[in-house]
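Trainee: I should like to take a close look at a single part of this protein, the place where its domains meet. Could you please guide me through that part step by step?

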Amino acid sequence: MQGQKIPATVITGFLGSGKTTMIRNLLENANGKRIALIINEFGDLGVDGNLLKGCGIEACRDEDMIELNNGCICCTVADDFIPTMTKLLDRPDRFDHIVIETSGLALPQPLVAAFNWPEIKTQVTVDGVVTVIDAAAVSEGRFADDHDKVDAQREQDESLDHDSPLEELFEDQIRAADLIVLNKTDLISGNQLDNVKSDVQSRSLRPLNIVAASYGKLSNELLLGLGIGTEEDIANRQSHHEMEHAAGEEHDHDEFESFVVGLGPVAEPKSFVEKLKAVIADHDVLRLKGFVDVPGKPMRLVIQAVGSRIEHYFDRSWNPDEERQTRLVVIGLHDIDAAAISTAMNAAAA
Ligand SMILES: Nc1nc2c(ncn2[C@@H]2O[C@H](COP(=O)(O)OP(=O)(O)OP(=O)(O)O)[C@@H](O)[C@H]2O)c(=O)[nH]1
């Protein structure tokens, strides 16, 4: 094994597109492969890592999972990602593969470029960048730029130099990809899928490698066997951001905002979820997720909302050393009204 580079797969894709679901499936099918997992989230609640930890999958060992919740990985490459990777590579035990889940708001380009740093390049290569896309959201036009709205926003805020931040990020993640996974195809028709495929392809000058999936169910041979060495080509896959700004300028995510809402126990989960739907619609919440304490239930309730689509289920018992509490992370555009949302969520939980 000495001398052979460890392959790393970067899994990216917009908020709620299905990255964690795909990784869970991938770990379930690891077949004895030792996989290190680096998970990055926007917002400081660490829901994805928490869902994977203790999920009962053999390949999902706590010590092989590293959470980076200190901002988006593309902005914290030097401070967070490089030290994490070097520590991982210094371990005496060797991994067969490294999987990195970026936050839904990350630009993959700076992350992939980091694999050209000497201390990493000698030991690891990027097997491929897999971009997961919520095909149902694309079909509903969620990433299509609403030019009138953007123009109106720009009139109010002259510092806005971008088109819709959603569309821009969507395109940047597509442009970085070696493999595009059009996920959530269970929610759309064959015709809609064809349209989504053409839409996605039209946003890249390179021909794209596109596959369709539902719940990220694809073979590990495909997902982990691209064999690209993307770090060698990443300079040719510039993002909007890199094209718009002078090289070296810090990238930030000030178009987006995230906050955590802590609530008391929720006695009526069904009615809570119904009321949350209204809060999400009233305030244009992009993503909401977390855990709920339902009194009298030994298990914790998971809430997962992507736009107006919301799921809730009990995933596991609360651990004896864990505080039962209701905490939900909310993500929206920068002008989202956190105070009003928090008040409405408190009222929904009462
Ligand atoms: N109907 C449907 N739902 C899906 C599919 N894949 C994922 N989901 C659901 O979509 C929601 C978000 O899935 P995640 O896997 O957490 O998405 P993610 O990309 O990791 O989310 P972030 O890390 O917050 O960006 C969950 O409620 C999933 O159950 C799919 O193929 N079909």
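**The interface between the domains**

Mentor: In this predicted model, the domain assignment of the protein gives domain 1, residues 6-245, and domain 2, residues 254-349. Their C-alpha centres lie 24 Å apart. Domain 1 brings 25 residues to the contact, and domain 2 brings 26 residues.

Let us turn to the area of this contact. The size of an interface is often given as the accessible area lost when the parts come together. Between domain 1 and domain 2, about 2,100 Å² is buried, and carbon and sulfur atoms give 63% of that area. On the side of domain 1, three residues deserve your attention: Phe42, Leu45 and Leu51 supply 26% of the area that domain 1 buries against domain 2, more than any other three residues.

Next, consider the charged and polar pairs. The structure as a whole holds 19 salt bridges, and the count between domain 1 and domain 2 is three. Please locate arginine 309 and glutamate 140, whose side chains meet in a salt bridge with an N to O distance of 2.6 Å. Arginine 309 belongs to strand β11 (residues 309-317), whereas glutamate 140 sits in the loop between α6 (135-139) and α7 (147-156), so this pair ties together parts that are 169 residues apart in sequence. Across the interface of domain 1 and domain 2, four residue pairs are in polar contact, with both residues of each pair at pLDDT 80 or more.

Which helices help to form the side of domain 1 that touches domain 2? Both α2 (47-52) and α8 (165-175) supply at least two residues each. Helix α2 gives the most to this side, with four residues. Sorted by class, the side of domain 1 that touches domain 2 has 13 nonpolar, four polar and eight charged residues.

Finally, look at the partner on the other side. For residues 256-349, an unreviewed UniProt entry lists "domain: CobW C-terminal". That span is 29% helix and 41% strand, and its end C-alpha atoms lie 25 Å apart.

To bring the picture together, the contact combines a buried area of about 2,100 Å² with three salt bridges between the domains and four residue pairs in polar contact.

Terms used. Residues are numbered from 1 along each chain as its sequence is written. This is a predicted model: local features need pLDDT of at least 70, side-chain atom pairs count only at pLDDT 80 or more; totals for chains, interfaces and linings use all residues. Side-chain values use heavy atoms; hydrogens and water are left out. Domain bounds come from an automatic or database domain assignment. Contact means heavy atoms within 4.5 Å. Buried area is the accessible area (1.4 Å probe) that two parts lose on being put together, summed over both. A salt bridge is a side-chain nitrogen of Lys or Arg within 4 Å of a carboxyl oxygen of Asp or Glu. A polar contact is a pair of N or O atoms within 3.5 Å; within protein, one must be able to donate a hydrogen and the other to accept it, and residues adjacent in sequence count only if both atoms are side-chain atoms. Ala, Val, Leu, Ile, Met, Phe, Trp, Tyr, Cys and Pro count as nonpolar, Asp, Glu, Lys and Arg as charged, and the others, Gly among them, as polar. UniProt positions are given in the numbering used here, feature names are shortened, and annotations may be inferred rather than shown by experiment.
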